Every structure is written in C-alpha cells, then in structure tokens.
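Okay everyone, let's get going. I'll put the structure up first, and then we'll walk through it together.

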Amino acid sequence: MKYLGDYKFVLLTCSIIALSIYIAIYRIEFGNSNFTANRTGGGKVSEKRFFDDDFMFMSVSEDIDRSSSLHYDYYRESCPSAEKIIAKSIRDISDVKPSVAPSLIRLLFHDCFIEGCDASVLLDVDESNTSEKEASPNLSLKGFDVIDAIKSELETVCPGVVSCADLLVLAAREAVLVAGGPFYPLETGRKDSAVAFKKIAEDELPGPQANLSVIIARFASRAFSERETVSLFGAHSIGITHCTFFENRLYNFSGTGKPDPDVNPGFVQELKTKCPFSVSASSPSASPGLVPSLPASDSRNSYGMSSGSSNDGVIDLSYNNEGGDENFGTRYYKRLMEKKGLLFSDQQLMGSEETELWVRAYASDPSLFRRDFAMSMMKLSSYHVLTGPLGQVRTTCSKVLPRN
C-alpha cells in the first residue's frame, strides 16, 4: 500500500508539472498571436475584441483581495445599463464634436498617472482640498463637462452606484474607439478618491520638453516598460497642440538661434508658415503638459493655424486624419521615423535603440501596435485603483462626499 501511495503522489506531481507547462505554452502563444475577432457596437464604431475568455477573467489587481477588487461587468445587477449609457453618450457627442476623443484620453492619462485611476483630477478646489485642475500641466485639460453630463444621467438611472473613476476609464475607452483605436476589455469597481494631488501633478507629469531619460524614468516608476511607454505615445496621433509648445524647435533650439537638427528641414519650413516667429520662440518653451496638449479641433479641415492669435497657431496632430481612422497610432510612428515629431518629447522616442525599435515596429505593423496599445491602456486604466472601503462613490464628480 505504501508503494501505491507513492505512485499516486508521483502521478499527481507529474500532472501538476504538465499543467504548468501547458499554461506557460498557452500564454506564450496568446502573447504572439494575431487577434481578428470583432464585436460590433452601436453606430459606426467597430470594436476589436481580441481577448479570449480565459484572459478576460485574469484580474489586473491580483494583489487586492477579490472581495474588494475589480470585476468584469461589476455593475451587472446594480446598474446594468451603465456601460451602454457611457458608450452611447461618447458616440453621440463625438458625432458633433470630434475633439471629445483626445480630450478624454488625455484626461484619463492625467488622472491615472498621478496616484492612480481615482478620479482625483475631476475634483474642484474647496475649503479642505486643493485641485489638480490648478496644476500647470492640467490647465488646458478638457472634457470635464462631458463627464459631468454623463454622471448626471447615470445618477438619474442608478443613483450613487457608478463611480467617477469607472466612468472616466470607460469614457476614455469609448473615446479610443471613436478615434479609430482598438477596443480593450476593462474590469470595473473602482472607487473615487476624497483628496487631490496638485503638487504631485506639478512635479510628475512629463512635459513637451522632457528628454527621453525623464520620460522613461517617469513611466518606469509606475511599472511601465519602454515598450509600453512607446505604445501609449501612439495616442499623440490625434488631437491638436499649440505652436508655443514647439516653436523653439523651429527658431532657437537650445539657444542656438537655429532649428532643432532632429527636425526634418522641409517640415521646419512647413511649420514656420503656420507658426510665425514670436518673442516666446527666442527661448526654449517651458510650457508643461503631455500631448494631446489640447483636444482636437472640431473641424476635420484644421491642418494649419486655427487659433485667434497670429503668434499661437494650432496644429492638428492627425494631419487631416492622415491615412484614415485605421492609421490611429501608425501615422505618429511613421512621422517620427521621418524626423517629423512635432514636440521634442515625441522625437525623443527615436533616441535609444530600445525605443526606436518599437517605433519602427509600430510604424510597420498596425496590428502589433493596436494589440500593445490596448494592453497598455488596460494597465494604465487599472493603475493603483481604490476598491471596496478604500474610496467613495461621488454623486457629483467635482465634489467629495461629505464626511459623516
């Protein structure tokens, strides 16, 4: 009987080892496969659903107890129409105001990058709180009114149920879709912060003049690899930015009185016609913020200067939707390879072998970019979330709930 028991133990051990090898192989195959299955949404949007069921139920917050963690379809019973309301609202608004997409993607980044995805960026200043809205990199943020309008509708249908943090990540996902980007699954169940982090936002959000080492360090401190960082920068293929953010590269780079040598000479001349010399161009711009610096223009035909100021033109980062919606991201990397990165921080991605490798990969393989961008957006959207009793569900996104 002793030998029989030993036999069973050995058999069990072998089974566990075989299962582990199978899982490892399966995950490798998953990581290298191409995903083409579609999920069609309402309106004109096609959502790319390229994650299988096993992956769909892998939690991104495995360090948190499951009783308080994020879940797929978290609002299934408490507010079953929540995600549909958010998706429809973004599509409807985007039809009349395309600028909503880059606005919300940028709003998500500025929230999640500072102490996690907790909707702290939405808070107004009050007697007990500073506001991240007052941090210099956030002064040009847009989309607060869109979030407030959707929150109001959700409060009518399901009062006190859907958090502002979940609302923001779901709205940004829909914004990616309407801009031509990929669909990605999101767990929900985030709670809202009761405090804001103005000083951290001032210090930590990388600006348009950030060099590669700063960019990589800021993202690495939040556990993003160089590959993930480069993929997230693909969002810079939509939106607009003002001449003030890069005009020193045209007229007086690093105090030389000459253009930045890393800008394509023909591109310099083209930009000079849209961004005339101004006094501020005589010194390096110190304006903070990560592109899209401002939301995309409401007009698809706004390639050149469209601001009221003759010295502060507006450049459409999509270059009149160059290549169409399916070129979301890809056009950005192709332009970097041509030395046509608009901001200094953009062109910096060509500054190391590792980051250049991914720039070239995404420029030549749109499917790879879409997959990596989706994975990175999932990771960003679940960064340092509050769950269970760690946060609250605000009824108004700009105000914390009163303390009992």
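**Disulfides, cores and two buried polar residues**

So, let's start with a pair of cysteines: Cys243 and Cys275 are both buried. Keep in mind that this is a predicted model. The two are joined by a disulfide, with 2.0 Å from S to S, and at -70° about the S-S bond the link is left-handed. Cys243 sits in the loop between β3 (240–242) and α10, while Cys275 is in the loop between α11 (265–274) and β4 (314–316), so this pair ties together parts that lie 32 residues apart in sequence.

How many disulfides does the structure hold? Four. If you number the bonded cysteines along the protein chain in sequence order, they pair up 1-4, 2-3, 5-8, 6-7.

Next one: Cys79 and Cys158, with their sulfur atoms 2.1 Å apart. This link is right-handed, with 80° about the S-S bond. Cys79 is in the loop between α2 (53–56) and α3 (82–96), and Cys158 is in the loop between α5 (144–157) and α6, so the pair ties together parts 79 residues apart in sequence. Both of these cysteines, Cys79 and Cys158, are buried.

Then there's Cys112 with Cys117, sulfur atoms 2.0 Å apart. The torsion about that S-S bond is about 120°, so this disulfide is right-handed. Again, Cys112 and Cys117 are both buried.

Okay, on to the cores. In soluble globular proteins, nonpolar side chains tend to be buried together. Here the largest nonpolar core has 78 residues, and Leu104, Leu107, Leu122, Ile147 and Tyr333 have the most contacts inside it. Helix α6 (residues 164–178) gives the largest share of this core, eleven residues. Take Leu104: setting aside neighbours within four places in sequence, its contacts include Ile90, Ile147, Ala171 and Ala175. Apart from the largest core lies another one, of 15 residues, among them Phe267, Val268, Leu317 and Tyr319.

Now, two polar residues. Is Ser231, in helix α9 (residues 226–232), buried or exposed? Ser231 counts as buried, because its relative accessibility is 0%. Its side chain makes a polar contact with the side chain of Ser376, at 2.8 Å. Beyond four places in sequence, Ser231 also touches other residues, including Tyr333, Tyr362 and Phe369.

And finally Arg249, in helix α10 (residues 248–251). With 1% relative accessibility, Arg249 counts as buried too. What does its side chain reach at 2.9 Å? The backbone oxygen of Leu342. Leaving out neighbours within four places in sequence, Arg249 is also in contact with residues including Asp260, Asp262, Phe344 and Gln347.

Key: Residues are numbered from 1 along each chain as its sequence is written. This is a predicted model: local features need pLDDT of at least 70, side-chain atom pairs count only at pLDDT 80 or more; totals for chains, interfaces and linings use all residues. Side-chain values use heavy atoms; hydrogens and water are left out. Helices (H or I, at least four residues) and strands (E, at least two) are DSSP runs, numbered from the N terminus. Buried means under 20% relative accessible area, exposed over 50%, partly exposed in between (1.4 Å probe, protein chains only). A polar contact is a pair of N or O atoms within 3.5 Å; within protein, one must be able to donate a hydrogen and the other to accept it, and residues adjacent in sequence count only if both atoms are side-chain atoms. Contact means heavy atoms within 4.5 Å. A nonpolar core is a set of buried Ala, Val, Leu, Ile, Met, Phe, Trp, Tyr and Cys residues joined through side-chain atoms within 4.5 Å. A disulfide is a pair of cysteine sulfur atoms within 2.5 Å.
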